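Me: Got a structure open here and I'd like to talk it through. Mind walking me through some of its details?

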Amino acid sequence: MTELPPSDAVPHLDEVRDRGDRGARGRDGDRLRRTTAYLGKRLLGAAVSLVAVIFTSFFLFRIIPGDPVRVMTHGRPVTIEQKEALAREFGLDRPLLEQFVSYLLGVLRFDFGESFQYNRPVLSMVGERLGPTMLLVGASLAISIALGLWLGVQGAWKHGGTADRVNTGVALTLWSVPSFWLGLILIVVFASGLGWFPTSGMKTPGVTGFDAVLDVAHHMVLPLVTLVAVVYAQYLLVMRSSLLDEMGSDYLTTARAKGLRDTEVKRRHAVPNALLPATTLVFINVGFVLFGAVLVETVFSWPGLGKLFYEGLSVPDLPLVQGLFVIFSAAVILMNLVSDLIYPLIDPRVRP
Amino acid sequence: MFHTNHRGRGLRTMLAGLLITLLACATTLFAGTGAHAETKDEKTLTIAVSQEVDSLSPFLAVRRLTTALGRLSYDFLTNYDPKTGKTIPALAESWTTSPDGLTWTYKIRDTKWTDGTPITAEDARWTFDTMMKDEAAATANGNFVENFESVSAPDPRTLEVKLKAPQATMLALDVPILPKHKWEKAGDFAKFNNDKEFPIVGSGPWVISAYEVNQSITLTPNKDFWRGAPKFDKLVFRYIDDSDAQVEALKAGEVDFVSGLTPAQAKALDSAKDITVNKAKGKRFQAITLNPGARLQDGTTFGDGNKALQDPVVREALVRTIDREAIYKTAYGGFGEANGGYIPSRYKDYHWQPEGDAVIGFDTAKAGQMLDAAGYAKGSDGIRAKGGLKLSFRFNVHADNPQYIQAAEMMREWAKEAGIELKVEPVSEVGALLDAGTYDILTTGWSVNPDPDYILGINRCSGLPAKAGGPYLSDAYYCNPEYDKLYAAQLAELDPPKRAEIVKQMQEKLYEDNIFVVWGYADQLEAFRSDVIASMTPQPDPGGNYDSQDGYWSWWSAKPVGDEDKAAADSGGTSSGLVLGGGAVVLAALAAGFVLLRRRGGSAADDRE
């Protein structure tokens, strides 16, 4: 999931020279024009990606082998007439082009149709699961980022030390552990073994009021620990390596020479400069939040979007997977766009 | 050089605090409000399920879970006796047939819907009539009314069905009868999921009283159920997707019943405290089908199946390389019955199995001799061939079924001894290969209902596709006019013993043709908490299963363990004390983690400076 910053993040010579000319009146209009161009380029890029996703989504899931009618009626005593009626209801008996056009018109109205399996609008199903996924994956993202970045800074600043070696080792070990396996181990030890936490689900049926809040928190501990454990390493490593790159820089020596305390040098000079790659990573992963964590959601029976996508694929429940694919992709595109737009704000070198 | 940075620490603490607050706020938002918290002495039976609700409308529901919910909450006209397997009265108290077998008259029981409205024959008439006239209402159970000419309710206690042709399955109409007064206002049946108004008005032993999407379905007893009220106070179906997680939840006492265990899970649970493992005779057969040449009803062939399989000698030789006993002993861990009969042995009346000389048993040497005699000679690679037809077959196996894969690997070894090559290829979508006819051997399996009509019907010639790409019922491109004649005869035979005799002849035909090759019946493995459930009725009784029964026997009859034992191992509800404790643990863990990590970083810094 690590990705390099956009290629044009590397400052061009004339841009650097520009900064020397800052304040010159003639350049102001030029700047505005270039800012607009930068914005326009990014927006256009996002729009093109989105259109591509919308088109791909329709055809991608039709390439997957599988006949929804057959899968859904498998093992049931159905007649040929029932099968034909289902195909008609799903619109699968119409020519592909006609299906595509009605899909496109639907997407434009933000209507992804009705799920084959559940006879319900895709959007309302997504709405139901959005909360649990954002809660779980969002919380795990926040904790992993905080934990990973902080450990990364500590590690790089005292690199080679015991703490660094142990932290990096532990993080890498956990990173390479399959999440569903770790989840099961946690269930075996802390849920069915010690009985500290529930084995699965998001809440106990019938619990209300403030108890329900604690109940959800109680259910969330193990999936959260699993998710954090397997992903925080990437933040740690990115932060650690980019801070290490900065460590030898002259400006740090200058800062120290000014008599700044070590922690000040770290916090005010080194870390801000080293934060940039981590920022990109964070935004990319925020985009992926919606996709949830299919395996962890499944192991812990967390009623989220990742699981819904998996269920849709096994049929294939075309409206459901198409809708989810578009929504997931749109989130990633949007967050990439936001990251592109924010980048110049935190790094003067890429300002247009 | 080590200085405490107050600002930095403050920031971090703030961040931690913020996180925890956010967490708490978010949980409040999504917690929602459910039913009333459970009281201590309420006896709940919690069942782990991995399927989701497709629809709570019996017109639409096709999944195992939701059809079972339909069974529990709506009475059918008839039911099956768990001991004998024979049809017994349910909503219909009694029935008569006209001499020509075309008119069936049912006397409807004088009982009430759960909202107090009397149940009448008009409800049953409306249910069947709607399925006949409305395509959407026929989605799930339209097959049952296919042969109906008309339905009428001459008086509130009499339901009359006129058929187009006699059919023997009129006492196996597994259709939930719906309350007309509620349903006629439903509107478009294709869109009506019956999940807005709770409790759902029904007539079965249990009432669906709450449903939380993807989390749980709660049922309460129908105190006035004519056969007697269920003994538990609550029946909860709880979603746990992962099979291993289900087992852990059973051990933790969060659920009281799990089904669909693997042989390994069943063995591990066998020694667990307070847990009883049930090995039930399976209602499902496992089989392979050999491609006899995929074709349409008009005879047009398609696909690329190896033509050698169109030779009955090759098929028989191949079947002789299968050691069914070994498959159930090894791949199924001893939990299953090797048997070549199409209808599982638990259905005593209809089951048939080969005896004496009729057995096409495991004998690789004989397979070799048969092939030798038929002119299939071994090539330099040890694989037999005749006239360019090489006995090398693709064997496509369901990739998600480890038992199938293991059995296929075993079959590959045996076939090799007879000079036949099986190329085992696990695939995620076996059906697509069947559609296109692009296979040689496929794994398959069907769950068989108490009435065998449908499962026999799929092998008729009319089960072949009528047009390319069109829907079809066949699972093997089997077509044998003699079999079709027997099928028609059994459907028209209203005398059960005579009908069973014809059904057995049909199975004999299938067995001899070696196209649909049954291995046997894996046990249905289930486990339950013996400290919660004192007893319940299996189907068949004894030796049968509790989950997905053809009837409501298990959950209706389940008796809770007495109060004094129950207190120690209360299942289901988490008390608020425990919840509070859990919440505190979360906060403590988060805080402790933070402090610990902070300290670790700090001490490392100390060492270095």
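**Helices and a hairpin**

Reply: Right after helix 8 of chain A comes A:G195, with a positive phi near 75 degrees. Helices here are DSSP runs of H or I with at least four residues, strands are E runs of at least two, and both are numbered from the N terminus.

Me: And what am I looking at, numbering and all?

Reply: It's a predicted model, where local features need pLDDT of at least 70, side-chain atom pairs count only at pLDDT 80 or more, and totals for chains, interfaces and linings use all residues. Residues are numbered from 1 along each chain as its sequence is written, and chains are lettered from A and ligands numbered from 1 in the order in which they are written.

Me: Back to helix 8 of chain A, where does it bend?

Reply: At A:I187, by about 35 degrees; the helix covers residues 179-193. That bend is the angle between axes fitted to the seven residues ending there and the seven starting there.

Me: Which residues of helix 8 of chain A are buried?

Reply: Among them are A:F180, A:L184, A:I187 and A:A191. Buried is 20 or more other C-beta atoms within 10 Å of the residue's own, with C-beta atoms placed from the backbone.

Me: What covers them?

Reply: The cover includes helix 9 (209-247) and helix 12 (294-299) of chain A, together with helix 5 (243-251) of chain B.

Me: How many helices does chain A have?

Reply: 14, and zero strands. Of its 352 residues, 44% are buried, and its C-alpha atoms fill a box of roughly 85 × 60 × 40 Å along the principal axes.

Me: How do helix 6 and helix 11 of chain A cross?

Reply: Their axes come within 11 Å and cross at roughly 145 degrees, for residues 122-157 and 262-287. The axes are lines fitted to C-alpha atoms over the stretch in contact, with angles from 0 to 180 degrees between N-to-C directions.

Me: Which residues meet there?

Reply: From helix 6 of chain A, they include A:L141, A:I145 and A:L149, and from helix 11 of chain A, A:V271, A:A278 and A:V282. Contact means C-beta atoms, placed from the backbone, within 7 Å.

Me: Switching to chain B, how many bridges join strand 4 to strand 5?

Reply: Five, with strand 4 (residues 92-97) and strand 5 (residues 103-108) of chain B running antiparallel. B:W95 stands opposite B:Y106.

Me: What's in the turn?

Reply: The two strands form a hairpin with five residues between them, and B:G101 in the turn has a positive phi of about 75 degrees.

Key: Buried ≥ 20, exposed ≤ 12 C-beta atoms within 10 Å, placed from the backbone. Contact = placed C-beta atoms within 7 Å. Pairing = 2+ DSSP bridges.
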